[in-house]
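Q: Before we begin, please place the sequence and the model side by side. I should like to learn how to read such features in turn.

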Amino acid sequence: MMQFEGSHILSVNQLDLDSINTIFNVATKMTPYALREKRTNVLDGAILGNLFFEPSTRTRVSFGCAFNLLGGHVRETTGMASSSLSKGESLYDTARVLSTYSDVIAMRHPDAYSVKEFAEGSRVPVINGGDGSNEHPTQALLDLFTIKKELSHAGMGIDGMHIAMVGDLKYGRTVHSLSRLLCMHKDIQFTLISPSELAMPDYVIADIENAGHKITITEQLEGNLHQADILYLTRIQEERFPSQEEANKYRGKFRLNHNIYTQHCKSNTVIMHPLPRDSRAQANELDNDLNSHPSLAIFRQADNGLLIRMALFALTLGVENQLEKYECPV
Ligand code: CP
């Protein structure tokens with residue numbers, strides 16, 4: 001099992017099933033603190049450096065709120081232009097400096113493996129909040145945590161489940177990380193639905209095949225959803241395309257709405273999306289007409305993100321067993 005205290009969280013490849021269960025157990029313990037039923041100051045005096053060099057709503061704000069809910073303080077940098085990286089400073093130098101000011105750092109950056117490069121200069125744990133099209137490990141953890149909870153309502157577990165992943169599987173880092181976490185389980189059936197130009201990278205497919213799971217690769221949405229327990233949609237990651245025109249070729253190719261869901265999915269297929277969903281008319285991969293559907297888990301995913309990120313802070317800073325000791329009145 002992984003030694004969490006003092007460690008960077010850069011890739012899901014660092015984790016095994018025991019480590020994942022530890023994170024999920026601590027995340028579950030965080031529930032009353034996230035719901036404001038209890039309060040703890042276990043991280044009083046600690047500082048999170050929250051460095052987001054690429055746009056974010058959920059990940060950036062939930063990292064910050066997770067740290068605040070444990071009693072810590074947050075210092076934030078958003079956008080490359082407000083950082084001396086834009087003057088040519090290296091990731092290594094930036095990390096050396098900022099890790100003196102912080103106890104833990106969360107970071108998102110547009111380039112693959114940049115968070116790992118940054119971590120090499122850091123004296124404190126660094127948590128990857130998304131590095132280009134490579135990985136988004138905390139999203140994958142909250143996705144897996146959500147899948148586990150959602151399937152448990154139907155008396156199912158993760159082993160033996162069927163997941164359909166739809167959309168931009170090439171640039172969508174969340175599906176890369178989630179696939180690798182699912183590979184650690186037994187008998188998963190993957191249906192990967194994308195335009196061939198935006199197919200899941202070969203190295204992820206090799207991981208799935210080497211782990212012995214069944215895999216179907218197709219460009220057709222309709223007709224390939226009827227066995228899925230989980231339907232995981234992604235948006236076209238237009239910021240990773242060479243041009244807007246190139247991205248526009250694929251926007252709107254796969255859309256899920258109430259009618260398609262009712263015709264092509266099981267009555268309890270769980271609908272997931274890492275968000276943001278692209279609500280512009282030409283894209284609209286997940287229609288608002290499903291907003292009140294009980295199987296729509298997209299906002300429960302975002303809620304679970306707070307719990308997972310609280311757990312990761314507690315574990316990397318070694319305070320996961322001291323929450324009660326530092327409780328204070330609500
Ligand atoms: N899911 C996710 O990473 O969302 P944000 O880009 O808003 O952080």
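Q: Does L275 count as buried or exposed, and at what relative accessibility?

A: A residue is called buried under 20% relative accessible area, exposed over 50%, and partly exposed in between, with a 1.4 Å probe and protein chains only. L275 has 12% relative accessibility and therefore counts as buried. The model is a predicted one, in which local features need pLDDT of at least 70 and side-chain atom pairs count only at pLDDT 80 or more, whereas totals for chains, interfaces and linings use all residues. Residues are numbered from 1 along each chain as its sequence is written, and side-chain values use heavy atoms, with hydrogens and water left out.

Q: What is notable in the backbone at L275, and which peptide bond is cis?

A: L275 is not a glycine, yet its phi is positive, about 65°. The cis peptide bond runs from L275 to P276, with omega near 5°. L275 is found in the loop between β10 and α11; helices (H or I, at least four residues) and strands (E, at least two) are DSSP runs, numbered from the N terminus. P276 is in the loop between β10 and α11 (298-316).

Q: Which residue in the loop between α2 and β1 should be examined, and is R36 buried or exposed?

A: R36 lies in the loop between α2 (31-34) and β1 (39-40). Its phi is near 65°, a positive value in a residue other than glycine. At 52% relative accessibility, R36 counts as exposed.

Q: How is the chain divided into domains?

A: Domain bounds come from an automatic or database domain assignment. Here domain 1 comprises 12-136 + 304-328, and domain 2 comprises 138-302. Taken over C-alpha atoms, the centres of domain 1 and domain 2 are separated by 25 Å.

Q: How many residues of each domain are in contact, and what area is buried between domain 1 and domain 2?

A: The size of an interface is often given as the accessible area lost when the parts come together. Buried area is the accessible area (1.4 Å probe) that two parts lose on being put together, summed over both. Between domain 1 and domain 2 this area is about 2500 Å², and carbon and sulfur atoms give 58% of it. With contact taken as heavy atoms within 4.5 Å, 34 residues of domain 1 touch 26 residues of domain 2.

Q: In what order do the strands of the four-stranded sheet stand?

A: Two strands pair if DSSP finds at least two bridges between them. The four strands form an open sheet in the order β3-β2-β4-β5, with parallel pairing. β3 (73-78) and β5 are at the edges with a single partner strand each, so one side of each has no neighbour in the sheet. From one strand to the next, the twist averages 10°; axes are lines fitted to C-alpha atoms, for helices over the stretch in contact, and angles run from 0 to 180 degrees between N-to-C directions.

Q: Which strands are joined to β4 by bridges?

A: Strand β2 (residues 47-52) is joined to β4 by five bridges, and four bridges join β4 (residues 104-109) to β5. On the β2 side, L48 has V104 as its bridge partner, and F52 has R108. On the β5 side, I105 stands opposite V126.

Q: How are the residues of β4 and β5 placed with respect to burial?

A: Six of the six residues of β4 are buried. V104, A106 and R108 point one way, and I105, M107 and H109 the other. Strand β5 (residues 126-131) also has six of its six residues buried, so it is largely enclosed by the rest of the structure.

Q: Which unit do β4, α5 and β5 make?

A: A crossover is right-handed if, with the strands pointing away from the viewer, the path from the first strand over the helix to the second runs clockwise. β4, helix α5 (residues 114-119) and β5 make a right-handed β-α-β unit.

Q: In what order do the strands of the five-stranded sheet stand?

A: The five strands form an open sheet in the order β8-β7-β6-β9-β10, and the pairing is parallel. The edge strands, β8 (214-218) and β10 (270-272), each pair on one side only.
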